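Trainee: Could you take me through one helix of this model in detail, and then through what surrounds it? I would like to follow the reasoning at each step.

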Amino acid sequence: MSLFAKISTYDERSARLAGISLMLLSIFMFSFGDALGKYMVATYSVGQLLWLRACAALLVLLPVIWKQRAEFTRLERPWLQLLRITLSTLEVAAFFLATVYLPLADVITYYLASPIFVTALSGIVLGEHVGWRRWTAILIGFCGVLIALRPSTQTVSWPAMIALGGSLSFAFLMLITRSLRSTPDIVLTTSQFGGTFLLGALMSPIGWVTPTIGSLALFAAAGVTSVVALLCINRSLKLAPASVVVPYQYSMIVWAVIFGFVVWGDVPSISTLIGAVIIIGAGIYIFLREQQLGREETVVNPPA
């Protein structure tokens, strides 16, 4: 039995705590991979990054894919699976495209809107109850997004809109992943990399730059990091409701500021920091409210 499968056998409270821990680990891994990706797109195209990153990830996953190949023949709701792959591919492409033009912390701040979208939509899409207190927190968090975005005819840019569009795609991706919780982790993870592999293969010939050995190693590191992060986040969403674990994505801003300052010397603007603080505050409230209500909720622990 795999480690993730053992985690699934925990009781409800332990499953929630395990889901939160896996979400935090996945966010750190994603943040590291995001910083690595931003570093690479300074030299290589987004399509090239998507393709080589996916190649490395699929190579790492190949032994597991072969071992569990029978799982790929029993997909639940294939059309929903296809929609999930599409959203995942668009979200990744939008993120790295936005980082070409914006500081990492700015892009991450816009992506912080995704937990707000998830909590707002979880009642409609997943049937999870969202009360007036959490709706208030959602509205406050959205105000934080507006402060960080600094909306005006001079400051709203298409890279920022791309980042927000990616954030919305990511939110729907989280919700669909939660609804497909009986799908094995390897299928969920492989399908996401398959989508970016295809899009990257189509885009990479445009502006192709032959990578050095060192760059290939970095692309491989990005792929391996993404594999670990996706496995963790997919299992996290299976163990606990989306509205419980997703707010922990707010920790992304901490890592984004650290990586942005250490690697590029970026210092976030005051409006970005204020907006991030408001968003994080709203997310913490949503989490505390979920903890209070969580005693009466039932979590369905799927088979591995």
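Mentor: Happy to; here is a close look at helix α12, followed by the core and the salt bridges. Please keep in mind that this is a predicted model.

Let's begin with the length of the helix. Helix α12 covers residues 252–264, and at 1.5 Å a residue its 13 residues should span 18 Å; the C-alpha atoms at its ends lie 17 Å apart, which agrees.

Now for its sides. M252, I253, A256, F259 and G260 are the buried residues of α12. Viewed down the helix axis, these buried residues fall within an arc of 130 degrees, so they line one face of α12. Behind this is a general point: an α-helix has 3.6 residues a turn, so residues three or four places apart point the same way. On the other side of α12, F261 and V262 are exposed. After the helix comes G265, with a positive phi near 75 degrees.

What does the buried face meet? I108 is a good place to look: leaving aside residues up to four places away in sequence, I108 touches M252, I253 and A256, and also D34 and F95. I108 is also one of the residues that touch the most other members of the largest nonpolar core, together with M174, I233 and V245; that core has 71 residues. Helix α8 (residues 158–179) gives the most to this core, with 8 residues. Apart from it lies another core, of 5 residues, including A15, A18, L22 and C232.

Charged pairs come next. The model has 3 salt bridges. One of them joins D185 to R235, with the closest N and O atoms 2.5 Å apart. This pair links distant parts of the chain, since D185 sits in helix α9 and R235 in helix α10, 50 residues apart. D185 and R235 are both buried.

Compare that with E71 and R74, whose salt bridge has its closest N and O atoms 3.4 Å apart. Here E71 is partly exposed, at 24% relative accessible area, while R74 is exposed, at 55%. E76 and R77 form a salt bridge too, their closest N and O atoms being 3.4 Å apart; R77 counts as partly exposed because its relative accessibility is 44%.

One last stop is the loop between α9 (185–203) and α10 (213–239), where you will find I206. With 64% relative accessibility, I206 counts as exposed. I206 and Q48 are 158 residues apart in sequence, but their C-alpha atoms are 8.6 Å apart in space.

Technical notes:
Residues numbered from 1 in each chain as written. Predicted model: local features only at pLDDT ≥ 70, side-chain atom pairs only at ≥ 80, totals over all residues. Heavy atoms only, no water. Helix = DSSP H or I, 4+ residues; strand = E, 2+ residues; numbered from the N terminus. Expected span 1.5 Å × (residues − 1). Buried < 20%, exposed > 50% of the residue type's maximum accessible area, 1.4 Å probe, protein only. Arc of directions from axis to C-beta. Core = buried A, V, L, I, M, F, W, Y, C linked by side-chain atoms within 4.5 Å. Contact = heavy atoms within 4.5 Å. Salt bridge = Lys/Arg side-chain N within 4 Å of Asp/Glu carboxyl O.
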